[in-house]
Amino acid sequence: MSDTQSLIENRPPSVATLFLERVAATPETEAYRYPVPSASGEGTDEWRSYTWGQAAERVFAVAAGLMALGVQPEERVALASGTRVDWILCDFGVLCSGAATTTVYPSTNAEETAYILADSESRVLIAEDAAQLAKAREKRAELPRLSHVVVIEEADALAEPGDPEDWVLSLADLIRRGNAHLEKHPDAVRDAVAALRSDQLATLIYTSGTTGRPKGVRLPHDCWAYMAKAIAQTGLVTGEDVQYLWLPLAHVFGKVLTAAQVEVGHVTAVDGRVDKIIENLPVVRPTYMAAVPRIFEKVYNGVAAKAKAGGAAKYKIFQWAAGVAREYGRVTQENFRRTGTASAPAGLKARHAIADRLVYAKLREAFGGNLRACISGSAALAPDIGYFFSGAGIHILEGYGLTESSAASFVNPGEAYRTGTVGKPLPGTEVRIADDGEILLRGPGIMEGYHGLPEKTAEVLEDDGWFHTGDIGELSADGYLRITDRKKDLIKTSGGKYIAPAEVEGQFKAICPYVSNILVHGADRNYCTALIALDEPTLTEWANDQENLKGLPYSEIVVSEEVRRLIEGYVEELNGGLQRWQTIKKFRVLPRDLDVEHGELTPSLKLKRPVVEREFGHLIEEMYDGAREA
């Protein structure tokens with residue numbers, strides 16, 4: 001048995017055990033950084049820290065506080081909050097008490113929040129603020145098992161007439177109760193952790209599906225202990241790293257990063273405010289961060305649009321530098337694959353050095369200047385955007401996994417990464433490709449099943465442990481996986497041609513700096529069409545340089561003939577690189593961007609195709625009106 005295999009197979013029963021081991025090993029080492037409003041009130045934040053020992057004090061108090069409220073092992077405690085250090089410490093508190101965390105996105109509406117709380121039978125809700133408390137209060141009659149709401153923001157923990165006694169507490173109240181409980185029972189938390197079983201429920205994450213009610217994915221303690229050990233064994237993160245964590249922690253991608261950190265012991269700077277990312281990066285100066293492709297697309301499109309706004313000469317320089325970056329990324333990755341050295345021909349190196357001074361160095365500095373790599377997951381990254389960042393010295397390692405597989409099933413292996421693939425399986429994870437191209441996974445990261453839905457579980461989980469992902473993919477001879485599409489998202493034209501819409505959509509995002517979202521449609525039709533949503537700030541900046549559009553509101557800009565012609569040019573450029581049956585024959589620019597609030601994107605920013613096609617069905621039918629169906 002190899003050392004790696006031994007470390008993974010001999011893992012402890014829970015990530016709570018790993019947390020205690022980390023605290024014992026490095027109690028005085030910095031664990032978390034978090035922002036607080038500046039005392040000067042000037043709008044800038046001050047960053048403070050918890051050591052592992054200080055973090056443990058809060059975790060133990062939360063765990064003991066839940067025990068004092070009567071929460072029993074495996075009972076659910078829901079967490080409805082944005083990404084902040086309190087989320088992580090409360091989650092570890094839940095796990096160390098023996099209970100299980102139900103994650104709830106803070107953007108979830110009251111009705112669906114109530115469904116999740118009721119279906120999970122959550123006993124306690126830890127709510128971020130008054131807005132999250134209000135959702136529970138509105139639906140309290142439907143939640144007979146919800147005995148307490150603990151509010152993180154102390155000023156928002158206000159009881160109202162009609163609330164049951166002791167129903168609303170502040171997090172500070174919970175911590176005080178926990179410390180009092182620990183005075184009487186000093187070993188209560190350690191005893192609870194020692195009693196944890198590897199098959200005991202740790203986390204219940206509700207998938208934000210595109211249709212119907214979300215399903216609760218049951219992830220036992222062993223999933224997180226395995227993930228922590230397996231990610232550490234890849235060597236991608238070390239104890240010297242500084243992670244910038246902004247991803248939603250209600251999503252499995254964000255959650256798995258908290259487990260990996262405990263194993264290696266590095267610093268994590270936590271701030272889920274997406275509008276603060278650009279401001280925070282130069283302050284935090286992370287060595288790695290994880291993101292969804294939409295973030296990299298926005299950065300790329302923002303840089304491109306800024307260059308375009310700077311005039312024809314500046315934009316020409318950017319386009320040249322972008323082309324050099326893509327070529328350099330492709331060549332160096334291919335040479336590394338063949339020889340083990342990321343080399344490039346002398347001429348390309350010389351052009352790259354010039355482009356680096358003009359463009360890439362500024363881009364790296366905007367990311368804080370210390371970034372070794374970014375991890376991208378949750379959806380496919382357009383290869384052209386991946387190669388651009390690769391050539392610019394910002395290495396995006398794509399990974400792959402699902403809620404049902406605890407997030408991290410595949411990841412690209414450091415220097416040997418290959419843009420356009422999701423890398424190799426984590427140690428201990430098995431993969432095979434079914435006859436129809438579907439990716440099947442098996443290993444310790446796979447869920448126990450869907451909560452209360454044995455029939456749904458049986459549809460995707462075989463008796464021998466193989467999980468049907470619903471994704472289509474290809475494995476290279478040396479084990480790299482390429483995702484080609486969702487099995488259910490492949491579309492077949494009326495002419496019998498199969499098309500992977502995500503592939504076409506990704507290519508368009510790499511070409512057009514103004515696009516935010518695009519949906520390609522063509523199932524059972526004789527040609528493909530597209531609904532295109534634009535990025536309002538970027539397009540507005542462009543419009544200010546157009547004589548007829550300057551100063552107009554976005555609602556007028558987006559429907560203008562100038563915008564239609566602008567996007568038409570990019571569609572024609574896209575079509576030039578596609579097979580005939582893939583080309584976009586007609587398109588419509590949407591009057592607004594797609595968003596989570598309208599239900600068109602999941603909280604992890606994945607496109608909900610059925611919702612978008614239903615919402616804008618009249619535009620789709622308009623594009624096929626009068627067309628002869630083959």
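Leu-358 is partly exposed in this predicted model, because its relative accessible area of 41% lies between the cut-offs of 20% for buried and 50% for exposed. The residue belongs to helix H14. Together with Ile-317, Trp-320 and Ile-354, Leu-358 makes a nonpolar surface patch of about 330 Å². Two helices contribute to this nonpolar patch: H13, spanning 312-339, and H14, spanning 346-366, with at least two residues from each.

A separate part of the model concerns strand S6, residues 148-151. Its side chains point in two directions: His-148 and Val-150 go one way, while Val-149 and Val-151 go the other. All of these residues are buried, that is, under 20% relative accessible area.

Strand S6 pairs with S5 and with S7, as tabulated here.

| Strand pair | Direction | Bridges | Opposite residues |
|---|---|---|---|
| S5 (residues 124-127) and S6 | parallel | four | Ile-126 and Val-150 |
| S6 and S7 (residues 168-170) | parallel | three | Val-151 and Ser-170 |

On the S5 side, the residue of S6 that stands opposite Ile-126 is Val-150. On the S7 side, Val-151 of S6 faces Ser-170 across the pairing. Val-150 and Val-151 point opposite ways from S6, and both are buried.

The connection from S5 to S6 involves helix H6, residues 130-138. Strand S5, helix H6 and strand S6 form a β-α-β unit, and its handedness is right-handed. The two strands of this unit run parallel and are joined by four bridges.

Technical notes:
Residues are numbered from 1 along each chain as its sequence is written. This is a predicted model: local features need pLDDT of at least 70, side-chain atom pairs count only at pLDDT 80 or more; totals for chains, interfaces and linings use all residues. Side-chain values use heavy atoms; hydrogens and water are left out. Patches are made of residues with over 30% relative accessible area and no salt bridge: like charges are joined within 9 Å, nonpolar side chains (Val, Leu, Ile, Met, Phe, Trp, Tyr) within 5 Å. Accessible areas come from the Shrake-Rupley method with a 1.4 Å probe; for residues, only the protein chains shown count as cover. A salt bridge is a side-chain nitrogen of Lys or Arg within 4 Å of a carboxyl oxygen of Asp or Glu. Buried means under 20% relative accessible area, exposed over 50%, partly exposed in between (1.4 Å probe, protein chains only). Two strands pair if DSSP finds at least two bridges between them. A crossover is right-handed if, with the strands pointing away from the viewer, the path from the first strand over the helix to the second runs clockwise.
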